[in-house]
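Thanks for asking me to look through this one with you. Here are my notes, set out point by point so you can follow along at the bench.

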Amino acid sequence: METLKFIRPSSHPLLALHQSNYKALKSPSLKYKPKKVTHTVQCSKYGNFLDLKPGKRHESMEFDLSWYDPSKRSRFDVIVIGAGPAGLRLAERVAGYGIQVCCVDPSPLCVWPNNYGVWVDEFEAMGFQDCFDKTWPMSSVYINEEKSKVLNRPYGRVNREKLKMRLLGGCVSNGVVFHKAKVWKVDHQEFESSILCDDGKEFKASLIVDASGFASTFVDYDKPRNHGYQLAHGILAEVESHPFELDRMVLMDWRDSHLGNEPALRFANAKSPTFLYAMPFDSNLIFLEETSLVSRPALSYKEVKLRMAARLRHLGIRVKSIIEDEKCLIPMGGPLPRTPQDVVAIGGSSGIVHPSTGYMVARTLALAPVLADAIAECLGSTRMIRGSSLYHRVWNGLWPIESKCTREFYSFGMETLLKLDLHGTRNFFDAFFDLDPHYWQGFLSSRLSLKELAMLSLSLFGHASNSSKMDIVTKCPAPLVKMLGNLAVETI
Ligand SMILES: Cc1cc2nc3c(=O)[nH]c(=O)nc-3n(C[C@H](O)[C@H](O)[C@H](O)COP(=O)(O)OP(=O)(O)OC[C@H]3O[C@@H](n4cnc5c(N)ncnc54)[C@H](O)[C@@H]3O)c2cc1C
């Protein structure tokens, strides 16, 4: 057995970069002190990275939040459940209108666990261009062993600590009050709602916003939730070397030659393929994620890890240590929450995750101000619209009819992907990334109108190979009919 020293997260160059960013933040209240962790891990000399365990991380930020004072009244205009990207951005924006907001989360100061990748232009448009760990000017897509594409659209890994600091700073400046607890129960009367927390504390508000993520139990559905699932296993790893160029991230690597000696894995991958998503930070540090784009039911996590181990072996990537890992399970598509309903949602609980890609964080950050405007129109200083009119307007702000219709289209994309095997998936992305960048970029960023989506479909069909056209003709009619039916229902 060989003994490897585990890298202390706070001593790693990438994390050191994070810390220097914190220092650059202007507010004196912004202080970040990652807890020190030292670990020793052992792994078999010939074993793969699955033997390695990341160190326990107890990262929390030190930040002067305004905590709820129990001696004061427990009634607010708006209560936001959850301090993820969605909750904090919404709380900050709503409070910016002078509306009293309380944000409730079991750990408002914990570093978010997920790693976020976004297109740089999406973050720049919102003024978050300083919230990246690293950006890559290009991305690559490996269709198969012979064919790859370079996408000229910069991509970035979000510095989640810095983004959270920015949002917390905005919340503090705008007067958001925080309470550290888990919400157990939400109740509604005609013009007022209340929450009960696991510490026994009860709060009342005119509006409750659920930003508690994908696992929320506070939002109702009136149709069966037939989600697809994105599943991925990701590691930020110190490696001896890797074969990827440093100026581009790997958006998708659909190559499968690593499964040549693994017939069972190869067969399963041909049916329900997974790809590698990789962000090379330097020649020895890389984020690697084996991803099932969408499957129903979700692919087994073990299967994804085994495929990843085979891939890394084949690519000659020897993992020396794992700095952090992530297990990703994202429900995609399926019906929207019932609208309107007494609880309003944003983020994972609101149905805004992109049904064909699993992307969501940029869209959430962009939509929160729209929702905040709708809330301010009702609860701001000049107007006092509450109860069902309030819920109706706010849900409409989140899901206007045009957005519901475009979502049907993106869900159609997901249903189509669910029907494609490896061969079909490769053909699909080969044609997709040959589209005019306005279309493929707009599709991935959920910003195309219904008319543009129709144009995209025609263009995609035009770019498709003959076998891909055959796939579309034979496998798409059922999802197409479903989409048209849903569109008809939405527009009636
Ligand atoms: C591993 C992973 C990686 C992802 N990577 C990307 C990516 O690269 N790009 C992208 O665009 N999207 C990505 N996503 C999808 C999506 O953007 C994230 O899930 C994002 O974190 C969702 O934000 P949110 O604020 O809605 O929920 P969350 O980030 O899940 O935050 C919810 C918050 O609510 C709190 N909470 C939960 N229940 C309660 C309760 N009962 N009471 C009070 N508080 C509660 C939680 O503690 C948490 O703080 C990823 C998802 C996962 C799971």
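1. Of the contacts in the protein chain with a separation of 6 or more, what share comes from residues 24 or more positions apart? The answer is 76%. Please keep in mind as you read that this is a predicted model.

2. Now the overall make-up. The protein chain has 492 residues, and 44% of them are buried. Its secondary structure comprises 14 helices and 21 strands.

3. On to the ligand. There are 31 residues around the ligand, and those that come nearest are Gly 82, Gly 84, Ala 86, Gly 213 and Gly 347. By character, the shell splits into 17 nonpolar, 11 polar and 3 charged residues.

4. Where does that shell come from? Domain 2 (75–128 + 156–221 + 334–399) and domain 3 (228–332) each give at least three residues to the shell around the ligand. Several elements supply at least two residues each: helix 2 (85–95) and helix 7 (361–379), along with strand 6 (101–105), strand 7 (117–119) and strand 20 (319–332).

5. Strand 7 is worth a second look, since besides supplying residues to the ligand shell, strand 7 belongs to an open sheet of 3 strands. The order in this sheet is 7-11-8, with antiparallel pairing. Strand 7 and strand 8 (132–136) are the edge strands; each has a single partner strand, so one side of each lacks a neighbour in the sheet. On average, neighbouring strands here are turned by 25 degrees against each other, direction ignored.

6. A closer view of one pairing in that sheet: strand 7 meets strand 11 (residues 155–158) in the antiparallel sense, over 3 bridges. Trp 119 has Tyr 155 of strand 11 as its bridge partner. As general background, strands of a sheet pair through backbone hydrogen bonds, either parallel or antiparallel.

7. Next, a pair of hairpins that share strand 14. Strand 13 (residues 183–188) and strand 14 (residues 193–197) run antiparallel and are joined by 5 bridges, with a hairpin of 4 residues linking them. Within this pair, Val 186 is bridged to Ile 195 in strand 14.

8. Strand 14 also runs antiparallel to strand 15 (residues 202–210), to which 4 bridges join it. Ile 195 turns up again here, with Phe 203 of strand 15 as its bridge partner. This hairpin likewise has 4 residues between its strands, and Gly 200 in the turn has a positive phi of about 85 degrees.

Methods: Residues numbered from 1 in each chain as written. Predicted model: local features only at pLDDT ≥ 70, side-chain atom pairs only at ≥ 80, totals over all residues. Near = placed C-beta within 6 Å. Nonpolar A, V, L, I, M, F, W, Y, C, P; charged D, E, K, R; others polar. Domains from an automatic or database assignment. Buried ≥ 20, exposed ≤ 12 C-beta atoms within 10 Å, placed from the backbone. Contact = placed C-beta atoms within 7 Å. Pairing = 2+ DSSP bridges. Axes fitted to C-alpha atoms, helices over the stretch in contact; angles between N-to-C directions.
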